[in-house]
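Reader: I should like to understand how the descriptive terms used for a protein structure are justified. May I put my questions to you one by one?

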Amino acid sequence: MMHYILRLFTTPHDTPEQYRRKKSLLPFGATAMFFFLCFWWKLVLEPFELVSVAYWISGISSTVLFGSMYITKKASDGVVSFFVFSILLAVIIGDWHSAQQLQNRPWPAAVVLADLILICKLPFRQSKILVCAVIPYLIIDNFERAFRFGFYDLPGGPSMSERREHLTCASPPCKLHFMSTSIDLCFSCSVFIFDYMITRGFAEGMRTEQQKLK
């Protein structure tokens, strides 16, 4: 099935780099489009709710990605960058909403986005921008869990009685001691940065080898 779908967006004249870029983009784009299509009812009933905005962003960016690749048979840097950073915005919005509603958090998808930038051979500065966007968000999230300054306490969230029922939850923003949140923050940031550095080193090595072969 994946091979058939890939044939719709590729040509026999694709360079190995273009083919690899399309092959890595399609599963992630299809996932984003899947969420958009699955929650169409929410988009119709509550089009301006925050989580609906995240679904709209994922649907629009995926449509632009697929449409561009199908029409031009290319995955240009501009389109890929638009897709990656649009999905990053959707992930952060969705994560904020999930934390507010005491649901599972999708922010680890940002790790895959950072890898996607490196695999698609986009400029390294774009991956740095992504890292600089995610790390402050994680810091704010952990400070909220420690000090409760109201980052998630906006209208539309669960009541206090509903929050008390979820005080033992692991993923939503449960009240924790400052030391615990500090350890959690260090662990999350370390995994994110460690994965980024390893993937970047691998990507740089591959680019160097390709330049030598040319």
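Author: The questions below take up the terms one at a time, and this is a predicted model.

Reader: What makes up the pattern of the chain, and how many helices and strands are there?

Author: There are nine helices and zero strands. Along the sequence the pattern is accordingly written α-α-α-α-α-α-α-α-α. Of the 214 residues, 43% count as buried. Among contacts between residues at least 6 apart in sequence, 71% join residues at least 24 apart.

Reader: What makes a set of residues a nonpolar core, and which members of the largest one touch the most others?

Author: A nonpolar core consists of buried residues of certain kinds, Leu, Phe and Val among them, joined through side-chain atoms within 4.5 Å. The largest one here has 43 residues, of which Leu25, Phe83, Val84, Leu130 and Phe192 touch the most other members. The elements that give two or more residues to this core are H1 (2–9), H2 (16–38), H4 (50–72), H5 (77–100), H6 (109–119), H7 (124–147) and H9 (178–213).

Reader: Which residues does leucine 25 touch?

Author: Leaving aside residues up to four places away in sequence, leucine 25 touches Leu65, Ala75, Val80, Phe83, Leu116 and Cys120.

Reader: Why are H4 and H5 called roughly antiparallel?

Author: Their axes cross at roughly 165° and come within 8 Å. Angles over 145 degrees count as roughly antiparallel, and H4 and H5 are therefore described in that way. The crossing in which H4 passes H5 is left-handed.

Reader: Which residues make the contact of H4 with H5, and how do they divide by kind?

Author: On the side of H4 the residues are Leu50, Val51, Val53, Ala54, Ile57, Ser58, Ser61, Ser62, Val64, Leu65 and Ser68, and on the side of H5 they are Val79, Phe82, Phe83, Ser86, Ile87, Leu89, Ala90, Ile93, Gly94, Trp96 and His97. They divide into 15 nonpolar, seven polar and no charged residues.

Reader: What makes H5 and H7 roughly parallel or roughly antiparallel?

Author: The axes of H5 and H7 come within 12 Å and cross at roughly 5°. An angle under 35 degrees counts as roughly parallel, so H5 is roughly parallel to H7. From H5, the contact involves Ser81, Val84, Phe85, Leu88, Ile92, Asp95 and Trp96, while H7 provides Gln126, Ile129, Leu130, Ala133, Val134 and Tyr137. Ten of these residues are nonpolar, two are polar and one is charged.

Reader: How do you know which term applies to H2 and H6?

Author: For H2 and H6, the axes come within 10 Å and the crossing angle is roughly 165°. Set against the cut-off of 145 degrees, this value makes H2 roughly antiparallel to H6. The crossing is left-handed. Arg20, Ser24, Leu25 and Phe28 of H2 meet Ala109, Val112, Leu113, Leu116 and Ile119 of H6. By kind, these divide into seven nonpolar, one polar and one charged.

Reader: Why is serine 127 called buried?

Author: Buried means under 20% relative accessible area. Serine 127 has 0% relative accessibility and therefore counts as buried. Serine 127 lies in helix H7 and touches Ile117, Leu118 and Tyr196, not counting residues up to four places away in sequence. Its C-alpha atom is separated by 9.1 Å from that of arginine 200, although the two are 73 residues apart along the chain.

Reader: Where is serine 98 found, and is serine 98 buried or exposed?

Author: Serine 98 is found in helix H5. Its relative accessible area is 10%, so serine 98 is buried. Beyond residues up to four places away in sequence, serine 98 touches Gln103, Asn104, Arg105 and Pro106.

Reader: What term applies to leucine 102, and where is its place?

Author: Leucine 102 has its place in the loop between H5 and H6. With a relative accessible area of 12%, leucine 102 is buried. The C-alpha atoms of leucine 102 and tyrosine 152 are separated by 9.9 Å, and these residues are 50 apart along the chain.

Reader: Why is lysine 73 called partly exposed?

Author: Partly exposed is the term between the cut-offs of 20% and 50%. Lysine 73 has 24% relative accessibility and so counts as partly exposed. Its place is in the loop between H4 and H5.

Reader: What is the phi of lysine 73?

Author: Phi of lysine 73 is near 60°, a positive value in a residue other than glycine. Most residues other than glycine have a negative phi.

Key
Residues are numbered from 1 along each chain as its sequence is written. This is a predicted model: local features need pLDDT of at least 70, side-chain atom pairs count only at pLDDT 80 or more; totals for chains, interfaces and linings use all residues. Side-chain values use heavy atoms; hydrogens and water are left out. Buried means under 20% relative accessible area, exposed over 50%, partly exposed in between (1.4 Å probe, protein chains only). Helices (H or I, at least four residues) and strands (E, at least two) are DSSP runs, numbered from the N terminus. Contact means heavy atoms within 4.5 Å. Axes are lines fitted to C-alpha atoms, for helices over the stretch in contact, and angles run from 0 to 180 degrees between N-to-C directions. Angles under 35 degrees count as roughly parallel, over 145 as roughly antiparallel, 65 to 115 as roughly perpendicular and the rest as oblique. A crossing is left-handed if the near helix is turned anticlockwise from the far one by less than a right angle, and right-handed if clockwise. Ala, Val, Leu, Ile, Met, Phe, Trp, Tyr, Cys and Pro count as nonpolar, Asp, Glu, Lys and Arg as charged, and the others, Gly among them, as polar.
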